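Visitor: I would like to learn how to read a few features of a helical model, one residue or element at a time. Could you walk me through some?

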Amino acid sequence: MSETKDKIVAMADRLVRTRGFNAFSYKDIADPLDIKNAAVHYHFPAKADLGVEVIEQEIEKFNSSTAKWKHLPEDEQLAKLVDVFRKHNGQGNICLMGSLATDFETFSPPMQTKVQEMANGIVSWLTNCLEQGRKNKRLHFKGAADARALIIMSNLQSSLLLSRVMGPSAFRRIADQLMEDLCQK
């Protein structure tokens with residue numbers, strides 16, 4: 001990928017996480033990068049093309065991270081996932097999946113499919129982590145692992161939203177309680 005294209009995708013990612021996908025224009029990308037709108041259109045003729053690229057890069061980052069965490073005990077893998085959200089909280093971002101969910105119905109079918117792929121991949125990984133963690137007695141919870149994965153993801157996503165209103169400590173309190181609940185014996 002070219003340097004300009006990388007910068008466009010990074011700026012779009014930031015805008016999606018801070019404003020929402022439908023709340024920014026190519027001008028909002030071009031101006032801070034000191035490039036022309038035409039340069040953004042050159043790389044991404046349609047905004048959905050840009051959205052798909054942002055999601056694909058997030059999927060790649062997630063898969064790369066989880067591959068690095070694979071050797072860790074499951075409770076530590078879960079803590080690494082929480083740390084990803086913690087980092088976004090510190091940057092004033094919300095979860096990409098959470099941000100895209102609000103505009104989901106307005107997306108083109110290919111972009112909707114990509115959002116679903118990202119969501120399914122994250123929840124599938126988390127479900128497996130929870131199942132293995134319970135099997136290895138590192139994580140403790142009642143009910144099905146896939147339902148618990150959905151509860152965790154919805155809590156982490158909403159904690160970033162609540163932090164915007166209630167301050168960053170809201171995230172910390174929610175994340176700490178989630179981890180305490182899952183790791184207690």
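Guide: Gladly, and please keep in mind that this is a predicted model. Let us begin with burial, where a residue counts as buried when its relative accessible area is under 20%. Thr66 has a relative accessible area of 10%, so Thr66 is buried.

Visitor: Where does Thr66 sit?

Guide: Thr66 belongs to helix H4. Along the chain, Thr66 and Leu126 are 60 residues apart, and their C-alpha atoms are separated by 9.8 Å.

Visitor: Is Asp49 buried, partly exposed or exposed?

Guide: The partly exposed class runs between the 20% and 50% cut-offs. Asp49 is at 38% relative accessibility and therefore counts as partly exposed. Asp49 also lies in helix H4. The C-alpha atom of Asp49 is 8.9 Å from that of Pro110, with these positions 61 residues apart along the chain.

Visitor: And how far apart in space are Asp146 and Phe62?

Guide: From C-alpha to C-alpha, Asp146 and Phe62 are 18 Å apart, and in sequence they are 84 residues apart. Asp146 is in helix H8, and at 44% relative accessibility Asp146 counts as partly exposed.

Visitor: What should I look at around a buried polar side chain?

Guide: List what touches the residue, setting aside its neighbours in sequence. Take Gln77 in helix H5, which is buried with a relative accessible area of 8%. Beyond residues up to four places away in sequence, Gln77 touches Trp69, Lys70, Leu72, Trp125 and Cys129.

Visitor: Which residues does Ser99 contact, leaving aside neighbours within four places in sequence?

Guide: They are Val16, Arg17, Gly20, Phe21 and Ile94. Ser99 is in helix H6, residues 96–103, and counts as buried at 2% relative accessibility.

Visitor: Val16 and Arg17 came up there. Which residues of H1 are buried?

Guide: The buried residues of H1 are Ile8, Val9, Met11, Ala12, Asp13, Leu15, Val16 and Arg17. Their cover includes helix H2 (26–33), helix H3 (37–43), helix H4 (47–69), H5, H6 and H8.

Visitor: How do I check the length of a helix such as H1?

Guide: Compare the distance between its end C-alpha atoms with the span expected at 1.5 Å a residue. H1, residues 3–18, has 16 residues and should span 22 Å; its end C-alpha atoms are 23 Å apart, which agrees. H9 passes a similar check: its 15 residues reach 21 Å from the first C-alpha to the last, close to the 21 Å expected.

Visitor: Which residues of H9 are buried, and where do they lie around the helix?

Guide: Ala170, Phe171, Ala175, Leu178, Met179 and Leu182 are the buried residues of H9. Looking down the axis of H9, you find them within an arc of 155°, so they line one face of the helix. These buried residues pack against helix H5 (74–91), helix H7 (109–135) and H8.

Visitor: At what angle do H8 and H9 pack?

Guide: Helix H8 (residues 145–166) and helix H9 (residues 169–183) pack at an angle of about 160°, and their axes are 7 Å apart. Angles over 145 degrees count as roughly antiparallel, and H8 and H9 are therefore roughly antiparallel to each other. On the H8 side, the contact is made by Arg148, Ile152, Asn155, Leu156, Ser159, Leu160, Leu162, Ser163 and Met166. H9 contributes Ala170, Phe171, Ile174, Leu178 and Leu182. By type, the residues of this contact are 10 nonpolar, three polar and one charged.

Visitor: Finally, how should I read the backbone angle phi?

Guide: Most residues other than glycine have a negative phi. Asp34, a residue other than glycine, has a positive phi near 55°. Asp34 is in the loop between H2 and H3 and is exposed, with a relative accessible area of 71%.

Visitor: Where is Lys137, and what is its phi?

Guide: Lys137 is in the loop between H7 and H8. Its phi is positive, about 60°, although Lys137 is not a glycine. At 61% relative accessibility, Lys137 counts as exposed.

Visitor: What is the phi of Gly20, which follows H1?

Guide: The phi of Gly20 is positive too, near 110°.

Methods
Residues are numbered from 1 along each chain as its sequence is written. This is a predicted model: local features need pLDDT of at least 70, side-chain atom pairs count only at pLDDT 80 or more; totals for chains, interfaces and linings use all residues. Side-chain values use heavy atoms; hydrogens and water are left out. Axes are lines fitted to C-alpha atoms, for helices over the stretch in contact, and angles run from 0 to 180 degrees between N-to-C directions. Helices (H or I, at least four residues) and strands (E, at least two) are DSSP runs, numbered from the N terminus. Angles under 35 degrees count as roughly parallel, over 145 as roughly antiparallel, 65 to 115 as roughly perpendicular and the rest as oblique. Contact means heavy atoms within 4.5 Å. Ala, Val, Leu, Ile, Met, Phe, Trp, Tyr, Cys and Pro count as nonpolar, Asp, Glu, Lys and Arg as charged, and the others, Gly among them, as polar. Buried means under 20% relative accessible area, exposed over 50%, partly exposed in between (1.4 Å probe, protein chains only). The expected span of a helix is 1.5 Å times one less than its number of residues. The arc is that of the directions from the helix axis to the C-beta atoms.
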